[in-house]
Amino acid sequence: MAGTVEKRLAELGIVLPEPVAPVANYVPFVRTGNFMVVSGQLCLDAEGKLVAKGQLGGGVSIDDGIKAARACAINVLAQLKAALGDLDKIARVVRLGGFINSAPGFPDGPKVMNGASDLMVAVFGDKGRHARTTVGVAALPLDAAVEVEAAFEAA
């Protein structure tokens, strides 16, 4: 039987993809005690294609960036599901870290990152409210528009 979080995902029309394997010398997630960290996830869709490619403020719109950040958050959740087996084991979303592939002077990274933050609140309710950092960067792997990492408290 699906748990509360899985039912909420279904209501939102979200099907978690198979988690992407690391492409370098790192692991996709680490758990120590009740603390979970999920490595940065790119804005890949279920078919493994980038939702948005390139720089915000240099060809990628804010709306497309928001969609990309949401896709990253979905991939974070897919890694969590692989780690824990049940997303209802999440007691709290602690922190999201967003990396926005930004053209020089692009000031709206926080607006873009709301795509990930809004999804966490939609999925987890008040447990989804979190601390956050958003950083504009000159480039990301595969020329992805957005990458998101996350930390959680697990039950």
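This passage describes helix α3, the nonpolar core to which it contributes, and two residues that precede it.

The structure is a predicted model, in which local features require pLDDT of at least 70 and side-chain atom pairs count only at pLDDT 80 or more, whereas totals for chains, interfaces and linings use all residues. Residues are numbered from 1 along each chain as its sequence is written, and side-chain values use heavy atoms, with hydrogens and water left out.

Secondary structure elements are DSSP runs numbered from the N terminus (helices, H or I, at least four residues; strands, E, at least two). Helix α3 comprises the 16 residues 109–124, and its end C-alpha atoms are 23 Å apart, in agreement with the 22 Å expected at 1.5 Å a residue; the expected span is 1.5 Å times one less than the number of residues. A kink of about 35 degrees is nevertheless present, centred on Gly 115, the bend at a residue being the angle between axes fitted to the seven residues ending there and the seven starting there. Immediately after α3, Gly 125 adopts a positive phi of about 65 degrees.

The buried residues of α3 (under 20% relative accessible area, with exposed over 50% and partly exposed in between; 1.4 Å probe, protein chains only) include Gly 115, Leu 119, Met 120 and Phe 124. The buried residues of this helix pack against α1 (4–11), α2 (62–84), β3 (90–101), β4 (131–137) and β5 (146–154), contact being defined as heavy atoms within 4.5 Å.

The largest nonpolar core (buried Ala, Val, Leu, Ile, Met, Phe, Trp, Tyr and Cys residues joined through side-chain atoms within 4.5 Å) contains 43 residues, of which Leu 80, Met 120, Val 146 and Phe 152 touch the most other members. At least two residues of this core come from each of α1, β2 (35–42), α2, β3, α3 and β5, and α2 gives the most, with 10 residues. Excluding residues up to four places away in sequence, the contacts of Met 120 include Ala 73, Val 76, Leu 77, Val 93, Leu 96 and Phe 152.

Asn 101, in strand β3, counts as buried because its relative accessibility is 0%. Its side chain reaches the backbone oxygen of Gly 54 at 3.2 Å. Ser 102 lies in the loop between β3 and α3 and is buried, with a relative accessible area of 10%. Beyond four places in sequence, Ser 102 touches Gln 55, Leu 56, Gly 136 and Val 137; among the residues that Asn 101 touches under that exclusion are Gln 55, Leu 56 and Val 137.

Methods
A polar contact is a pair of N or O atoms within 3.5 Å; within protein, one must be able to donate a hydrogen and the other to accept it, and residues adjacent in sequence count only if both atoms are side-chain atoms.
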